[in-house]
Amino acid sequence: MRTIKPSVLKKGDLIGLISPASSPDDLGRIENSVKYFEKLGYSVIVGQNVGKYRGYLAGTDEERLNDLHSMFSNKKVKAIFCLRGGYGAFRLLDKINYRLIKANPKIFVGYSEITALQNAIYTKTGLLTFAGPMPAVDFVNEISPFTEEFFWEIVTSKKKIGKIKYPGDPFPQHLKKGTAIGQIFGGNLAVLTALTGSKYLPDPRNKILILEDINEAPYKIDRLLNQLRLNGVFSKIKGLILGRFVDCYEDDANKKTLTLGEVIDDYICPLKIPSIYIFPHGHIKDFVTIPIGLKIKIDSLKTSVEFLEPAVM
């Protein structure tokens, strides 16, 4: 399927805010994020159902779906930001009007649980989306200058980013040396793995996979990586980027465990594809926005990641 790129974002454009998964615990973050975008020169519209709660969900499935559809159908909205991740976006996948999205391609931003929506949208429509900062998480309080600058550059410029400049320590490492070129897909490991066996997981052939996660013990990472292995994902991709795995350790000191590094070595080292580890993407302050569906090049020996084309048109 041909990749569809959204239009470049310009000052004065209308940005839509939705909560397709969980709602911010502090609703004041929504107001603060609106002020942030307006200060930058954008107009903002907040989804009709934003701020609702249903357990760990931001309202019912129908309410969250309606906000998603409403933003894509609104001709004035040029970019859609998911306020936060959380839980429950995967419940919407078989209810989404993908023809509506394909007919109205827009900048769509989020990460973590939003991985489910991004990979499903890419699979069903070809639309390039952005695993990038979320208003109620990353664009409030102390905003990372690196995260902020990188993101706005990638959605407001038709120039390609080129090679990524890393924001300090820790510096990425290579697990398997080599080079690879392909479209990038993936995101949060636990969420992506939940798509295996469904029609919403992108075809991994000749692509580069990126994975990150948070608060998963090594035995859970083991299980998740094995599920990808059993589904043939690792045998089909051309390259692998491992982002940050935050707080992924066994918190019971008396429990026998493998380390996260040992689990990753067991699965990744046998692969004969270029692989990079500790790439700055995931649940961290300074992180690189990943355009899901963009053609990139990795040189794992140099721990180099290069965006080969613009993400917007």
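## Exercises: strands, rings and cysteines

L240 has S275 of β11 as its bridge partner. Keep that contact in mind, and remember that you're working with a predicted model.

**Exercise 1.** Work out which strands flank β10, and how they run relative to it.

*Solution.*
- Step 1: start on the β9 side. Strand β9 (residues 208-214) is joined to β10 by six bridges, and the two run parallel.
- Step 2: pin the pairing down with residues. I210 sits opposite I241 in β10, and I214 sits opposite V246 in β10.
- Step 3: move to the β11 side. Three bridges link β10 to strand β11 (residues 275-277), again with a parallel run.
- Step 4: check the residues here too. L240 pairs with S275 in β11, while L242 has Y277 of β11 as its bridge partner.
- Step 5: follow the chain from β10 to β11. Together with helix α9 (residues 260-268), these strands make a right-handed β-α-β unit.

**Exercise 2.** Are β9 and β10 mostly buried or exposed? Count residues to decide.

*Solution.*
- Step 1: the cut-off you need is under 20% relative accessible area for a buried residue.
- Step 2: apply it to β10 (residues 239-246). Eight of its eight residues are buried, so the strand is mostly covered.
- Step 3: apply it to β9. Six of its seven residues are buried, so the rest of the structure largely encloses β9.

**Exercise 3.** Place β9 and β10 in their sheet, then explain why β6 and β7 each have a side without a neighbour.

*Solution.*
- Step 1: write the strand order. It's an open sheet of eight strands, β6-β14-β13-β8-β9-β10-β11-β7, and the pairing is mixed.
- Step 2: look at the ends. β6 (162-163) and β7 (173-176) are the edge strands with a single partner strand each, so one side of each has no neighbour in the sheet.
- Step 3: add the β8 contact. Strand β8 (residues 179-188) pairs with β9 in the parallel sense over five bridges, and F185 has L209 in β9 as its bridge partner.
- Step 4: recall what holds such neighbours together. Strands of a sheet pair through backbone hydrogen bonds, either parallel or antiparallel.

**Exercise 4.** Give the strand order of the six-stranded sheet, and find which helices lie against its strands.

*Solution.*
- Step 1: the order is β2-β1-β3-β4-β5-β12, in an open sheet with mixed pairing.
- Step 2: β2 (43-46) and β12 (290-292) are at the edges, each with a single partner strand, so each has one side without a neighbour in the sheet.
- Step 3: on average, neighbouring strands of this sheet are turned by 25° against each other, with direction ignored.
- Step 4: zoom in on a pair. Strand β4 (residues 107-110) and strand β5 (residues 129-131) share two bridges in the parallel sense, and V109 has F130 in β5 as its bridge partner.
- Step 5: add the helices. α1 lies across β1 (14-18), β2 and β3, at about 155° to β2. Helix α4 (residues 115-125) packs on the sheet, where it touches β4, β5 and β12, and its direction makes about 150° with that of β4.

**Exercise 5.** Classify the F37 and F81 ring pair, and say what parts it ties together.

*Solution.*
- Step 1: get the background number. The whole structure has 19 aromatic pairs.
- Step 2: take the geometry. F37 and F81 are 4.9 Å apart centre to centre with 50° between the planes, which makes the pair tilted.
- Step 3: locate the residues. F37 belongs to helix α1 (residues 28-39) and F81 to strand β3 (residues 77-82), so the pair ties together parts 44 residues apart in sequence.
- Step 4: check burial. F37 is buried at 0% relative accessibility, and F81 is likewise buried at 0%.
- Step 5: contrast with another pair. The ring centres of F151 and W152 are 5.0 Å apart with planes at 70°, so that pair is edge-to-face. Both F151 and W152 are buried.
- Step 6: join things up. Y36, F37, Y42, F81, F139, F151 and W152 form one aromatic cluster.

**Exercise 6.** Find how many disulfides the model has, using C248 as a test case.

*Solution.*
- Step 1: the cut-off is a pair of cysteine sulfur atoms within 2.5 Å.
- Step 2: by that rule, the count is zero disulfides.
- Step 3: test C248. Its nearest cysteine sulfur, from C269, is 18 Å away, and C248 is in no disulfide.
- Step 4: check the surroundings. C248 is buried, with 5% relative accessible area, and C82 is buried at 0%.

Key:
Residues numbered from 1 in each chain as written. Predicted model: local features only at pLDDT ≥ 70, side-chain atom pairs only at ≥ 80, totals over all residues. Heavy atoms only, no water. Buried < 20%, exposed > 50% of the residue type's maximum accessible area, 1.4 Å probe, protein only. Helix = DSSP H or I, 4+ residues; strand = E, 2+ residues; numbered from the N terminus. Pairing = 2+ DSSP bridges. Right-handed = clockwise from strand over helix to strand, strands pointing away. Phe/Tyr/Trp six-rings, centres within 6.5 Å; stacked < 30°, edge-to-face > 60°. Axes fitted to C-alpha atoms, helices over the stretch in contact; angles between N-to-C directions. Contact = heavy atoms within 4.5 Å.
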